[in-house]
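Colleague: Before we go through the strands, helices and cores, please put the model up. I will ask, and you can reason from what is shown.

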Amino acid sequence: MATSLTEGTKAPAFTGIDQDGNKHSLSDYKGKKLVLYFYPQDNTPACTTQACNLRDNYAILKKNGWELLGVSPDTEEDHTRFREKFNLPFPLLADPKHKIIEKFGVWGEKQLYGRKYMGLHRTTFLIDEKGVIRKIFLKPRNKQHAEEILRWENEKKG
């Protein structure tokens, strides 16, 4: 199952709490470009690889005008440990009740080794200064996610 949101439409309004108890809303990023990335769980191999790739390329993303928010169903406490352990410079929103996750349509049936279960589909939304979704990565490349964001931006500029 993939999100029902489409590129070129307004991103759903949201408000979430980060690892430090700070509120973040889509409206806070008006006039800024936002990478909103959803990932299944802190401290798992693929999620750690993705977060570290974004961390390692954070300066160039910022230089290109991107703000960055991660979202998962983990708690604020889980996010605090994950962020500190891997020295992540961007906020992680805790969404254990799936309020933001459901708005973006990234929760659904998954399958692993033939077993079906409900879970978060790793998805990234690039949102422009006006709150419009410009790009959706349905299966981000964990080891090269920042590079694919920057490549998309360069191709868009033509």
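Colleague: Which residue of β4 stands opposite V35?

Modeller: Helices (DSSP runs of H or I, at least four residues) and strands (runs of E, at least two) are numbered from the N terminus. β3 and β4 are joined in the parallel sense over six bridges, where pairing requires that DSSP finds at least two bridges between two strands. Across from V35, the residue in β4 is L68.

Colleague: What pLDDT do local features need here?

Modeller: Residue numbers start from 1 along each chain as its sequence is written, and side-chain values use heavy atoms, with hydrogens and water left out. This is a predicted model, in which totals for chains, interfaces and linings use all residues, side-chain atom pairs count only at pLDDT 80 or more, and local features need a pLDDT of at least 70.

Colleague: How many residues of β4 are buried?

Modeller: Buried means under 20% relative accessible area, exposed over 50% and partly exposed in between, with a 1.4 Å probe and protein chains only. In a regular strand, side chains alternate between the two faces of the sheet. In β4, W66, L68, G70 and S72 point one way, E67, L69 and V71 point the other way, and all are buried. The strand is therefore largely enclosed by the rest of the structure, with a buried count of seven of the seven.

Colleague: Which residue of β5 does G70 stand opposite?

Modeller: β4 (residues 66–72) and β5 (residues 92–94) run in the parallel sense, paired over three bridges. The partner of G70 in β5 is L92.

Colleague: Which strands are the edges of the open sheet?

Modeller: The sheet has seven strands with mixed pairing, in the order β2-β1-β5-β4-β3-β8-β9. An edge strand pairs on one side only, and here the edges are β2 (23–25) and β9 (133–137).

Colleague: What angle does the direction of α3 make with that of β5?

Modeller: Axes are lines fitted to C-alpha atoms, for helices over the stretch in contact, and angles between N-to-C directions run from 0 to 180 degrees. Contact means heavy atoms within 4.5 Å. Helix α3 (residues 76–86) packs on the sheet and touches β1 (15–18), β4 and β5, and its angle with β5 is about 160 degrees.

Colleague: Is α1 parallel, perpendicular, antiparallel or oblique to α5?

Modeller: The axes of α1 (residues 45–56) and α5 (residues 145–157) come within 7 Å and cross at roughly 55 degrees. Angles under 35 degrees count as roughly parallel, over 145 as roughly antiparallel, 65 to 115 as roughly perpendicular and the rest as oblique. The crossing therefore makes α1, relative to α5, oblique.

Colleague: Which residues of α5 make the contact with α1?

Modeller: From α1, the contact uses Q50, N53 and L54. The α5 side consists of H145, A146, E147 and I149.

Colleague: Which members of the largest nonpolar core touch the most other members?

Modeller: A nonpolar core is a set of buried Ala, Val, Leu, Ile, Met, Phe, Trp, Tyr and Cys residues joined through side-chain atoms within 4.5 Å. Two or more residues each come from β3 (33–38), α1, α2 (58–63), β4, α3 and α5. Within its 22 residues, those touching the most other members are Y37, L54, F90 and I149.

Colleague: How many residues are in the second core?

Modeller: The second core is separate, and its members include L26, Y29, F38 and I127. Its size in residues is 20.

Colleague: Is Y113 buried or exposed?

Modeller: Y113 lies in the loop between β6 (107–112) and β7 (115–120). Its phi is near 55 degrees, a positive value in a residue other than glycine. With a relative accessibility of 80%, Y113 counts as exposed.

Colleague: What is the relative accessible area of H98?

Modeller: H98 sits in the loop between β5 and α4 (99–103). Although not a glycine, H98 has a positive phi of about 65 degrees. The residue is buried, and its relative accessible area is 16%.

Colleague: Which residue of β9 stands opposite F125?

Modeller: β8 (residues 123–127) and β9 pair in the antiparallel sense over four bridges. Their hairpin has five residues between the strands, and G131 there takes a positive phi near 85 degrees. Opposite F125 in β9 is I136.
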